[in-house]
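Reader: I have the coordinates open and would like to talk through the fold. Shall we start with the strands and work outwards?

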Amino acid sequence: MSLNTVTPTVNPRLAASFGIFTSTFTSLVLVLIILEQLGLDQSWIYELIIILPVVFYVGIGVLVRTSNVEDFFISGQRVPPFYNGFTMSANVIGGAGLLSLIGAFFFIGYNVLAVAIGWCAGLGLMSAVFAPYLRKTGAFTLPGFFGIRFSSRVVRLIAALVLIPAVLMLLAAELRMGQTIASVFLPFPAEYLLQAGLGLIVLTVFFGGMRSLTWTQCVQFIVVILGISVPLIIISVMITNLPLPQLSYGGLLQEMPALESTRKLTGQGTLTLSEALPPVEPTALTRPFVEMFGAVGRWDFFALTFCIMLGTTVLPTQISRMSTSPNVSAVRRSFGWAALFVGFVVLTIPAYAAFTKFNVLQDLLGVPLTQIPPSGRKLEALGLITLSGSQIDPALGSAKVLFSRDAVALILPTISNFPQVLIGLAGAGAIAAILGAAASQLVALANVLSNDLYYPLFSRSASPSRRLLTARLAMIAIAVGIYFLATQPQLDPLRMTIWAFSICAGAFFVPLALAIWWRGLTMFGALAGMVTGLAVTGGYILFTLDGGYPWFGVDSLTAGVLGVPVSLLAAVTSSLLSPRPEPSTLEIVNEMHIPSGETIHTRLVRLAARGKAPKP
C-alpha cells in the first residue's frame, strides 16, 4: 500500500472531461427535441433521456476502478476543491431532500425554509469547526476518526454501530424516492425498478469505491443542475421576461395571495411539525405560499433548523469526504465551493415551487372537471396528480385535485406544455440526484463495515486486497438488506431523511465537537455521549410513533433537540469521572490543530510499518 506523504498529483484533464460530458448530455437533449418534432414516441424519449445518462454513470464508475486502498477509500486524496464541492453539495442535499423539499415548499410555502437554512448553516459550521481537523487526522470514516483520536478499537467499534441506523435510513429514503420518480417514466413494475436501481448503484461504485463515487457524483450534479434550472429558466422568461428565476419570482409572490384567496387556500391554523408537513400520499392544497409560521410554529421551525444544521455538520457521508482533498487548505476551499452550490440550490428550490404553484393556481384549481386543460390530463396520465369531480354538470363544483408531494418537481415542465424532452430532463436530474446520494451512503456504510468492524475486530493482519474485497461484499450485503426496508409501504422519504439528520445530530455532534476542542474528553465520555445521544433521540422517535405523548412539546422529527443536551451531559460527566487521557492521546489532539505536515493516519501507518506503533 502506498503512503501518501506528499501532495498528490491532480489530473490536469478533469475540466476537459467534464466539459465533454456536459456537451454530450446537452447534445442528447437537443437531438431528442428534434426527434420529438419528427414524431418520436413519448415512451422512447423518456427511456432514452433517463437510461442513457445512467449507463454513462455506470461506465465512469467501472472505468475508474482501482485496487489501491487509498484510491478506494479516500479517492487517493487527489480530488480538487471545485469537484469536492460538487460531491459535498450532492451529499448534503440528496435526491430525497431535493424533491421532498420542492414538494413541501409547494404545499406549505416558506414554513419549510428551516431545512434550507439548516443545510447552509451546517456547511458553515462544519467548515469552521470540524473540517480542517478531520482532514489532518486523515481517517477514512467517522468511526475511524474516533479510533485515532482515542487510540481505541472499542470506541471505533461502538461509533460504527451507532452510525449504521442513520445511514440506512438515508439510503432507504433515496431508494423509495428513486422508485417513485422512475415509475413515472419507465413502464416496469415498481419492485423491478427498485431492484434495477440498487443493482446500478452497486455496479457504479463496486470496482472503484470512493474514487468511482467522486467522479460519478460530479457528472450527476451537472445533470441535477441542468434538470432543475433549464425548465425553471424557460418558465421565468415566459412569465417575467428575465432568465433569473431565483431573483425574479417576487412578482409572483405579490400576485399569489389574491389567487390563493380566490381558490380558498387560507390555511387551517398552526399545526405540529409532523402534522404540517405534507404526507407522501396524494394531498390537496390548503395552505398559502407566503405565510411564515402559519403552518409550523416558531418553536418547531427553530428546532427543525437546529437538528438539520447539526445533522449536516456530522453527516457521515460528508465526513468521509474530508480525506479526499490533497490538504487542509483544499478542504477549506472545497467548503467554499460547496456553500456556493448549495446556496444556488437553496435559492432555486423555493423559486421552482413558487412557479409551479402559480401555474397550478391559474390552470387547475377551481376549474370544473370537464374544463381541465390538456396539460392537466397529461399530469393525470403521468400519475403526478389525481382528479375527481362531476363529469356531467360542471355547475356541481370544481374538480378536486390531489398532488403527489415527491413528484411536484415534474409538474412545472408538464403544466407549462414544454416538449416531452424537458419533462424527461427534469426526471433525469431527479434520478441523478437520487443515484448520487444513494451511492454515497452505500460507499460510506461499506467503508465503515470494512475499516471499522471487519479490519479492527476480526482481522488486524488483513491485506489491502482482503479489505477491498470485504468492502465490495459489504456493498452487496447492504443492497440486499436495504431492499426489504425500502419496500415497506409506510416509508416516507421526507420524514425518514429528517429523522436521520436528527439522529446524527443527537448521537455524534457533541462527541465530535468535544473530541476536537476539549482535551479532557476521555474515551468513556465519547462512548457515553454517542450511546446516550442515540438512545434518547432514537428512543423518543419510537416512543412518539407508538402514540406516546410528546415531551416538552418536542416533535418526533426534532428529537435531536433532546438528544444533544443529554449527550453533552453524559459526555462531560463521564469524562470528569473517568481517568484523565493518556499523554499520547493529548499529543494527537495537539497534532490535529497543526494544519501542515502529514496526516496522523499516514504517520501511524508509517510507524506501524516499522513496528513502532499499532496499526491504525
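**Strands, helices and core**

Author: Happy to. Strand β2 (residues 400-403) has V401 and F403 on its covered face, while K400 and L402 sit on the uncovered one. Strands here are DSSP E runs of at least two residues, helices are H or I runs of at least four, and both are numbered from the N terminus. Bear in mind that this is a predicted model, where local features need pLDDT of at least 70, side-chain atom pairs count only at pLDDT 80 or more, and totals for chains, interfaces and linings use all residues. Residues are numbered from 1 along each chain as its sequence is written, and side-chain values use heavy atoms, with hydrogens and water left out.

Reader: Which residue of β2 is the bridge partner of S388?

Author: Strand β1 (residues 385-388) pairs with β2 in the antiparallel sense, over four bridges. Pairing takes at least two DSSP bridges between the strands. For S388, the partner in β2 is K400.

Reader: How many helices does the chain have?

Author: Next to its two strands, the chain has 26 helices. One of them is α5 (residues 95-108), with 14 residues and a reach of 20 Å from first C-alpha to last, close to the expected 20 Å. That expectation is 1.5 Å times one less than the number of residues. As for the helix count, the number is 26.

Reader: Is α5 mostly covered or uncovered?

Author: Buried means under 20% relative accessible area, exposed over 50%, and partly exposed in between, using a 1.4 Å probe and protein chains only. In α5, 14 of its 14 residues are buried, so by that cut-off the helix is mostly covered.

Reader: Which residues is Q318 in contact with, leaving aside neighbours within four places in sequence?

Author: Q318 is found in helix α16 (residues 316-319). Q318 counts as buried because its relative accessibility is 0%. With contact meaning heavy atoms within 4.5 Å, and those neighbours left aside, its partners are M88, N91, V92, L123 and M126.

Reader: Which helix gives the largest share of the largest nonpolar core?

Author: A nonpolar core is a set of buried Ala, Val, Leu, Ile, Met, Phe, Trp, Tyr and Cys residues joined through side-chain atoms within 4.5 Å. The largest one has 216 residues, and those with the most contacts inside it are W119, F146, F403, F508 and L512. The largest share of this core, 20 residues, comes from helix α20 (residues 420-457).
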